[in-house]
Amino acid sequence: MDEAGTDEAGTDEDGRGAAGPGASVDRIENPWGGRTPYDRHRSWPPRMDTHLAAGVAPEQVQRWVQAASILHSDGDAMDVAVLDGRMVGVRGRADDRVNRGRLGPKDLFGWQANASEDRLTRPLVREGGRLVECDWDTTMHRIVTRSRELLNARGPGSLGFYTSGQLYLEEYYTLAVLARAGIGTNHLDGNTRLCTATAGEALKESFGCDGQPGCYDDFDHADAVALFGHNIAETQPVQWMRLLDRLEGGDPPRLLCVDPRPTRAARRAAVHLAPRAGTNVALLNALLHEIIRTDRVDHDYIAAHTVGFEELASRVEECTPRWAAGICDVPAASIGEAADLLGDADRLVSTVLQGVYQSHQATAAAVQVDNLHLIRGMLGRPGAGVLQMNGQPTAQNTRECGADGDLPGFRNWQNDAHVADLAKVWNVEPETIPHYAPPTHAMQIFRYAEQGSIRMLWISGTNPAVSLPELSRIRSILRQERLFVVVQDLYRTETAELADVVLPAATWGEKTGVSTNADRTVHLSDKAVEPPGEARPDLDIFLDYAARMGFRDKDGGPLITWQDPESAFEAWKRCSAGRPCDYTGITYAKLRDASGVQWPCNEQAPDGTPRLYTDGITWAHPDVCESYGKDLETGASDGPVEYRSLNPDGRAVIRAAAYVPPHEAPDAEHPFQLTTGRTLYHFHTRTKTGRAPQLNAAAPDVWVEASASDAAALGLDEGDLVEVGTLRGALRGRLRVTGIRPGLLFVPFHYGYWDTASGEGPGAGAPGRAANETTVTDWDPVSKQPLFKTAAASLRLVEHAHGHRAPAPTTTASAPVRADAAPPTVGGATALATETAHASPDTGGRGAS
Ligand SMILES: Nc1nc2c(c(=O)[nH]1)N[C@H]1C(S)=C(S)[C@@H](COP(=O)(O)OP(=O)(O)OC[C@H]3O[C@@H](n4cnc5c(=O)[nH]c(N)nc54)[C@H](O)[C@@H]3O)O[C@H]1N2
Ligand SMILES: Nc1nc2c(c(=O)[nH]1)N[C@H]1C(S)=C(S)[C@@H](COP(=O)(O)OP(=O)(O)OC[C@H]3O[C@@H](n4cnc5c(=O)[nH]c(N)nc54)[C@H](O)[C@@H]3O)O[C@H]1N2
Ligand SMILES: [Mo]
């Protein structure tokens, strides 16, 4: 439990004491705002959060235009305030079931980045080593010329595309069609590989198909909530508000938090386990062992809906809490308490995120959480669900549309009938669509670029020069003379600096499109204002390229027949028809009417589908499944014959896994474990949040977290400048002494190579500040998601603090152990937001432009 003090407004950090109607709250200081407690099985009361630019009164706003957040996977619905053709603020949509009007700090303040003066407004091309401005026609001609040359000389495999989890559905679908059927390359993936590849893979392994079984409303009904490697308070602050409101209401849920850091959720948890990084499988196997040993399993559910239980039971037979305690370094008794919490739950919700997904046994561990739900029959009922969480706002769309390493509509690349069906939708021959091997994953795309078989790499909506592991390697790949690099972004990012061509893109608020959040809720974001200068929506750029390349279908007609967001959406609906992610019942008009709709939405489910698998497992049959499964240890794909014999009736597959230690163990030179991740106030490489003054000020620079005992042993103190080193490289930052588990260091990965404010880079040879200078080129064998959470590292003093402090927030998992070590994080006058409790949503004046 936390002992946070109470501030003047009468709310503590978790907002207890509740803001009254129309309260004005500093949402940097009180990130989760005031409380609206509610009882179990009731619906979450609305609270509308609004923040407007200084000097703008609500009655001055000329239009409110609907949108959904693109700074996390929650899909928080909001309206953008428009005044004289400018964005001047945002407010949450109280009638939306995802957020009931609430917004987190990043959404309240992040919109300001759209109007930043350093937005890209014209294309740039490299001339004599420098990037210079150019017109669109010349620039696109350059890209098309290079594409044609490569296609003729080296074939489609010489072109690769690396996209995002932050564009819109219409854009991914267009990109997938042009890459897979237009160019005919297998090399298309998203940064979703770094993010939610494991979520998709775990769902495929267990249920035969991607698609989130549960939904956020399950939080209203659960009596137990388990968070596995998910810092929900900081990364999905609005769902944390929901849990806080339940914790304050009648019949609250019990929380289990598995995280080596003292996150806000850990501090409110009934049981907090802080395992050694990279040991999730050992811990989960022990939890499964206890639940099976005490027979708290649903034998009827297992018999009716699953295969593989016996193998699991025998695999975990030896995995006692005492055994796991030695590996994970947590008390065996606490593992027992956690097993009781899970085993006694009547309705259990589990969430899984990067503490599980970004490690060497990512899929193996994520699948054990599915197994927990399968053996306890905790699926398909209100309050009983698993959320293999997404991270990025539109990652679900990247996966559905086949802009990641998958075929569109969750079609199985190994199933010829699925490929033929897709070919029919696109009116091309099946051979046109590469399916000789699994679609290439991002880490392999960069490997091909390094080796020289990929000669053109088109990067849209992602900043790999900061976000991929082992940055010195990534920089050298992107700098190669022989590789033609196209970057499509809003700003001149670290990656754009290494490009041959930079295309200025429009972003949310400046373009229209659909995004789908982690619980399958589809939202529409309408265009509110014009993009700056000559910046164009990503969709327009892809359509322009396709038209110039003259891509044809098999009858000589144009391959791509749509010209704007709505016609692209209609085309996607045809591709999704009859698939699990069936959008055929959704229209733009419906999304303007109903706020969010959950897929599948079709004739059978015209209002959408809150939960999958309410009536057994639907998509695992050998003829319909998206994947035939993989070996959890090696990642080797099974074929149709093996799958059919394992699972002829299409049940859920319980897959067991043995624990394997992390690939890199601490040693004398690198005695620490290093983990990396996020903080509440920033999004990824900070291209947006670094440009929002309130967010930037809350965490303006990198820091390094270590435990009090480790700091004392090395003679280090709060604010000291330290260097963290691994076999790949080093970074420097100021030390924050926290309650993190001893032996573990944490570094936020948001801070890039260059200082985005000054445009300066580190001097030659000097250590940078980006976490990924130190991370390793290595990935989970099954999902191919890279390892950002485990490495062996050294820690040394560079210079004592001399009055400097770590630029880390005090409101989060990064809170100092010594309360007086740093001044409290506050926002001040420009960080106030209005919270209107129990408001009936005012939708007046909202509309598309
Ligand atoms: N504020 C903010 N919110 C975001 C984002 C952001 O950048 N900023 N990004 C969005 C995106 S794309 C994503 S993917 C999500 C990510 O959301 P999260 O996964 O919640 O965030 P992370 O900080 O990457 O990692 C979560 C936790 O994993 C813990 N961890 C580290 N190693 C281990 C381990 O071995 N086992 C366990 N059990 N836990 C471990 C870390 O201590 C950390 O607290 O957030 C989304 N929301
Ligand atoms: N060490 C470490 N590294 C990590 C992680 C970690 O936990 N630790 N997490 C990983 C995860 S989960 C993720 S998701 C990745 C994120 O890594 P990135 O995807 O590289 O991070 P972003 O900063 O979100 O980059 C998105 C880029 O798209 C641009 N952009 C935004 N909107 C638009 C748009 O509408 N159109 C276009 N064309 N561009 C747009 C932004 O300006 C920005 O440059 O980082 C990964 N890397
Ligand atoms: Mo992510």
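Student: What makes the pair formed by a polar side-chain atom of R678 and an oxygen atom of ligand 1 a polar contact?

Tutor: In this predicted model, the polar side-chain atom of R678 lies 2.7 Å from an oxygen atom of ligand 1, and since a polar contact is a pair of N or O atoms within 3.5 Å, the pair qualifies. The backbone also takes part, with a polar atom of G278 at 2.8 Å from an oxygen atom of ligand 1 and one of H684 at 3.0 Å from an oxygen atom of that ligand.

Student: How much of the area that ligand 1 exposes when taken alone does the protein bury?

Tutor: Taken alone, ligand 1 exposes 910 Å², and the protein buries 100% of that. The ligand is surrounded by 31 residues, the closest being D259, G278, Q354, R678 and H682, and by class this shell holds seven nonpolar, 18 polar and six charged residues. The elements α6 (232–235), α14 (354–357) and β23 each supply at least two residues of the shell.

Student: Why is ligand 1 said to lie between two domains?

Tutor: The conclusion rests on who contributes to its shell: domain 3 (197–389 + 621–653) and domain 4 (672–818) both give residues to it, so ligand 1 lies between them.

Student: What makes the pair of D489 and ligand 2 count as a polar contact?

Tutor: An oxygen atom of ligand 2 is 2.6 Å from an N or O atom in the side chain of D489, which falls under the cut-off of 3.5 Å. By that cut-off, T462 qualifies with a polar side-chain atom at 2.9 Å from an oxygen atom of ligand 2, and K688 with a polar side-chain atom at 3.2 Å from a nitrogen atom of the ligand. Taken alone, ligand 2 exposes 920 Å², of which the protein buries 99%. The elements giving two or more residues to its shell are β17 (484–489) and β23 (672–677).

Student: How do you know which domains ligand 2 lies between?

Tutor: Domain 2 (124–195 + 394–517 + 524–564) and domain 4 (672–818) both give residues to the shell around ligand 2, so the ligand lies between these two. That shell has 34 residues, with Q166, N191, S467, D489 and T685 the closest, and it divides into ten nonpolar, 18 polar and six charged residues.

Student: Why is T440 called buried or exposed?

Tutor: T440 has 7% relative accessibility, and because buried means under 20%, T440 counts as buried. T440 sits in the loop between α17 (416–426) and α18 (442–451), and its side chain makes a polar contact of 2.7 Å with the side chain of H187.

Student: What class of accessibility does D137 fall into, and why?

Tutor: D137, in helix α2 (residues 136–154), has 47% relative accessibility; the value lies between the 20% and 50% limits, so D137 counts as partly exposed. The side chains of D137 and R548 are joined by a polar contact of 3.0 Å, whereas D137 and T351, 214 residues apart in sequence, are 47 Å apart in space, C-alpha to C-alpha.

Student: How do you know whether the protein chain agrees or disagrees with a compact globule?

Tutor: For 849 residues, a compact globule would have a radius of gyration near 29 Å, and the protein chain has 25 Å, which agrees. Its C-alpha trace spans about 70 × 65 × 60 Å along the principal axes, the chain contains 26 helices and 29 strands, and 67% of its 849 residues count as buried.

Definitions and conventions. Residues are numbered from 1 along each chain as its sequence is written. Chains are lettered from A and ligands numbered from 1 in the order in which they are written. This is a predicted model: local features need pLDDT of at least 70, side-chain atom pairs count only at pLDDT 80 or more; totals for chains, interfaces and linings use all residues. Side-chain values use heavy atoms; hydrogens and water are left out. A residue is near a molecule or strand if one of its heavy atoms lies within 4 Å of it. A polar contact is a pair of N or O atoms within 3.5 Å; within protein, one must be able to donate a hydrogen and the other to accept it, and residues adjacent in sequence count only if both atoms are side-chain atoms. Accessible areas come from the Shrake-Rupley method with a 1.4 Å probe; for residues, only the protein chains shown count as cover. Helices (H or I, at least four residues) and strands (E, at least two) are DSSP runs, numbered from the N terminus. Ala, Val, Leu, Ile, Met, Phe, Trp, Tyr, Cys and Pro count as nonpolar, Asp, Glu, Lys and Arg as charged, and the others, Gly among them, as polar. Domain bounds come from an automatic or database domain assignment. The radius of gyration is taken over C-alpha atoms; the globule rule is 2.2 Å times the number of residues to the power 0.38. Buried means under 20% relative accessible area, exposed over 50%, partly exposed in between (1.4 Å probe, protein chains only).
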